[in-house]
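Let's practise turning a value and a definition into a conclusion. Have the structure open while you read.

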Amino acid sequence: MRNPDGDSGPRMIRSRTRLVCATLAAAAILGKAATVGAQEADTTRLKFMLSVPDLRSIIAPSNFFRGAPGASSGSPLAFGPDWGDAFVGAGYQNSTRGIKQPSGTITPNSRSDGTVSAGFGLGDGRRAVSVQVVATSLSTVRAGLFQLTAYSFQLSRMLGNTSAVAIGVEDAFTIGGDPGSGPGGDGTDSWYAVASKVFLLRPASSDVFKALTVSGGIGNGRFRSLSDVTANRQGVNAFGSASLLVTGQLSVIADYAGQDLNLGLSLIPFANFPVVFTPAMADVTRTASRTPRFELGVGIGMHFD
């Protein structure tokens, strides 16, 4: 039996192992937690390059641009790009989060900020491991483009067709910026381990409620609990996300990055040009902000043969 685009099943699986099924779930593009005295890095985590051949008929193939609605809005996914995959994106938040004082009071949200990121993949996560490399311009609205640049890395390994595990570090090192941009401010390194799984909910021919992606992991740095951040303590904390792929061009996302609960959408408005938009409301429970914050990520994935 042949697939709708004319490829046989085995050939389809071989040819789509590097299909980018969720290019930029972008609020990883967006604001991360603020630490005491400074804003935590607004790193763009374009980790949503999923190699999941079982979802192959959900996304129409193309020769260059690859994309699908994102599956996270702030915490990492374990799926990573392989050799030939690349991506670019930008993120904006209308205000950065306040700072919770030891007394329990929260300072007002600060002014807007944003990021610009680009990255690529190396290796093959199906046969061995894939390596993701991302360069992010931090505090772009405030400081200017690439005045403070962070470099992040992730090692990913696929476990079958729909699962993956990964370890990584966000903002492993930074270049530029003020001398005070180190620990506790933009560019603080955050190490993590994460596992992700895609559950196919309906037949590939179904038009709605196609798949559920869940992820969970542990990390330090920006993933720490709010109490640890407030007290400026080192520690490890859990994070996780869930995303329902409603259609081939829309997903809904709930994401807990260790402190804030974020709710958002990820959509591809143009079926023939898969630029991905991910609007989200951050800290909807007002754990560390007086009011929720609006975030928007925009990005696109590409594949070079």
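Q: What makes the contact between the side chains of Glu 295 and Arg 293 a salt bridge?
A: A salt bridge is a side-chain nitrogen of Lys or Arg within 4 Å of a carboxyl oxygen of Asp or Glu. In this pair the N to O distance is 3.6 Å, so the contact fits the definition. A word on the background: this is a predicted model, where local features need pLDDT of at least 70 and side-chain atom pairs count only at pLDDT 80 or more, while totals for chains, interfaces and linings use all residues. Residues are numbered from 1 along each chain as its sequence is written, and side-chain values use heavy atoms, leaving out hydrogens and water.

Q: Why is Glu 295 called buried?
A: Buried means under 20% relative accessible area, exposed over 50%, and partly exposed in between (1.4 Å probe, protein chains only). Glu 295 has 0%, so it counts as buried. Its partner Arg 293 has 1% and is therefore buried too.

Q: Where does Arg 233 fall, buried, partly exposed or exposed?
A: Its relative accessible area is 42%, so Arg 233 is partly exposed. Arg 233 forms a salt bridge with Asp 228, with the closest N and O atoms 2.9 Å apart. Asp 228 has 13%, so that residue counts as buried.

Q: How do you know which label, buried or exposed, belongs to Arg 127?
A: Arg 127 has 74% relative accessibility, so it counts as exposed. Its side chain meets that of Asp 124 in a salt bridge at 3.9 Å, N to O. Asp 124, at 16%, counts as buried.
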